[in-house]
Amino acid sequence: MAFSELCSIASVASGLVPFYALYRVTDLLIAGGGEDGIAFWLVVAAAAYACQRVLFGFSTVLSHVSAYTILATLRHDINDKLMRASLGTAASKSVGALKNLYVDRIESIEVPLAHMIPELSANVLMAVGIAAWMTVLDWRLALACLGTFSLGALVFLRSMGTYDRMYAGYRAESDRVNSAMVEYIEGIRVVKAFNQTSESYRKYADAVESFRDYTLGWFKATWGAQNLALSIIPTTLFGVVPVGIALYLAGELSPSEFALACMLSLAIVTPLTYLGASFNTANNISYAIVDAREFLDLPELPQPSVPGSVKDFSVSFDRVRFSYVAGEETIREVSLTVAEGSSLALVGPSGSGKTTLARLIARHWDVGEGSVRIGGVDVRELSLDELSNLVSYVSQDDHLIDGTLYENVLIGRPQASEEEVRAAMRAASCDEFVSKLERGWDTPAGEAGRSLSGGERQRVCIARAVLKDAPIIVLDEATAFADPDNEARIQRSIAYLAHGKTLIVIAHRLSTITAADSIAVMENGSVAAQGTHAQLLESSPLYARMWEAHVGSARWAVGSHGAPCLSQVFHAHGREHEKGEDR
Ligand code: ADP
């Protein structure tokens, strides 16, 4: 950027040379003769012009390289920040605001960075240089030249008085329209399924129209004054010509000096107009910086200076308290222990805090009080990489990224060999549906995503976790799939995934977890009861009621097909645990 600026300044300096050359040529013409001198100055003017263009070219290339590097760095930095922030912090930003910042706002500083910074200083310099030159010619000419500019600038600045307030409103409107657009597109399936087209579309259309009205209103409010200012600013000749003629008549200005004054007063117009236009652009940069700061200053998950190392793969909650919103506790004093290689199922009414508790293990959020420990070490004392290696969080809303199916699985362990990826896919029973795809594993997930069922997509996500092979699996058990065949395959792949691991399952259907080593019944954010299925049926009225309700609904289930279920996971798990087999 600095080199670009230097080139730009040198380019402006070269740009002044032709004016001087023409002044000398006029002088020689008036004096008569001097063809050699005229030819020399014309060549100087042409060379200086060529120099100006070449230097300007260099300046532009350098400033663009610099601008796009800054844009990319900024996008990377914001992304890194979101990666280091807790999931809660990252998810608190609306998708519209994110899209607006990542795409539009950051893009909006490309023009200012690539053009304004080098060109502005050059133009300021040029305006100051010309004004100084005019002063040297005659200070009255300089005053006459800048008089109209000052008037125009005053009108312009007055029209800018409300800029900050208006721009804040503009930002809010543009975030709103972006959010409405993204939500509308994301929800289009639901919209169509429930024939909500007109209602949802209205929200989107309202945002678009309100954005249009706001920007038009702003434009109308400033249009008159801005045009007046932009009409006054270039009228430098209005002052220079009469003052120049008066000075010439008074014998204080030669004809060539008069001609030079006219040329200079025309030459100063472009840089002066540029200064006015830069006002908007400079504001754009400052607002984009404010927006980017909002993200770059997000609090990060604290990381230990000396990461601890776990002694085994047990998980324990020690008097854990947690709130999403201050004053409203979601988890109240939960203490639980899951021994290495054993299984814990979390059950309870919806909203009782099962998902929240499970997510605290993977540090999607940090506990308010108490601690979550893995192998005796507080998860906050582990490096984020180590924690990520230890825990696989498999949820029903995991989604496929934009890449091939193969690449989607490879995310689990990027350094894995092709054979390992294929083995993981086989273990998660993906091969049967993948073999039906024309391009097999290399089918883009987006393309495949449209033709894959929910269960098939989930198996790809399970294959990812199988490949990762983390010793602790946190599983948000999927709610029922319509197709029992698919269900059986999912359960088989989960059984493979959980084999010999420490397993924590958020269970939605009780029949699937009857064989878990331990079941914790959650109620209002605390553990109401804990034990095996048989013990809980005896001791926990809430569990007994839930079981009753579940069995009742299972009777209604159409063709339950002896529901292949997580119980096979737990049976396998339990047997292994009893035998004390080592991993
Ligand atoms: P469960 O998994 O048992 O259905 P959750 O852990 O999902 O329960 O939710 C427990 C409570 O926390 C609910 O009242 C829910 O509304 C609230 N909650 C969940 N996620 C958030 C969040 N990101 N921000 C604020 N409240 C939340």
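Guide: Let's begin with a term: a polar contact is a pair of N or O atoms within 3.5 Å. Keep in mind that this is a predicted model.

Visitor: How far is a nitrogen atom of the ligand from an N or O atom in the side chain of Tyr324?

Guide: That distance is 3.4 Å, and the cut-off for a polar contact is 3.5 Å, so the pair counts as one. An oxygen atom of the ligand also sits 3.0 Å from an N or O atom in the Lys354 side chain. For the side chain of Thr356, the distance from an N or O atom to a ligand oxygen is 2.4 Å. As for cover, the protein hides 56% of the 560 Å² of accessible area that the ligand has on its own.

Visitor: Which residues surround the ligand?

Guide: Look for Tyr324, Thr330, Trp365 and the run Pro349, Ser350, Gly351, Ser352, Gly353, Lys354, Thr355 and Thr356. By class, that shell has three nonpolar, seven polar and one charged residues. Helix H13, residues 354-361, gives the largest share of the shell, with three residues.

Visitor: Now the helices. What describes two packed helices?

Guide: People use the angle between the two axes and the distance between those axes. Here, try H5 (residues 110-137) and H12 (residues 269-296): their angle is about 145 degrees and their axes are 10 Å apart. Their crossing is left-handed.

Visitor: Which residues of H5 and H12 make the contact?

Guide: On H5, they include Pro112, Leu113, His115, Met116 and Glu119. On H12, Pro271, Leu272, Tyr274 and Leu275 are among them. Sorted by class, the H5 and H12 contact has 13 nonpolar, four polar and one charged residues.

Visitor: One more thing: what sign does phi have in most residues other than glycine?

Guide: Negative, in most of them. Arg319 goes the other way, with a positive phi of about 40 degrees although it is not a glycine. You'll find Arg319 in strand S1, residues 315-325. Arg363 has a positive phi as well, near 60 degrees. Its place is the loop between H13 and strand S4 (369-374).

Definitions and conventions: Residues numbered from 1 in each chain as written. Predicted model: local features only at pLDDT ≥ 70, side-chain atom pairs only at ≥ 80, totals over all residues. Heavy atoms only, no water. Near = heavy atom within 4 Å. Polar contact = N/O pair within 3.5 Å; in protein donor to acceptor, adjacent residues only side chain to side chain. Areas by Shrake-Rupley, 256 points an atom, 1.4 Å probe, with all protein chains shown as cover. Helix = DSSP H or I, 4+ residues; strand = E, 2+ residues; numbered from the N terminus. Nonpolar A, V, L, I, M, F, W, Y, C, P; charged D, E, K, R; others polar. Axes fitted to C-alpha atoms, helices over the stretch in contact; angles between N-to-C directions. Left-handed = near helix turned anticlockwise from the far one by under 90°. Contact = heavy atoms within 4.5 Å.
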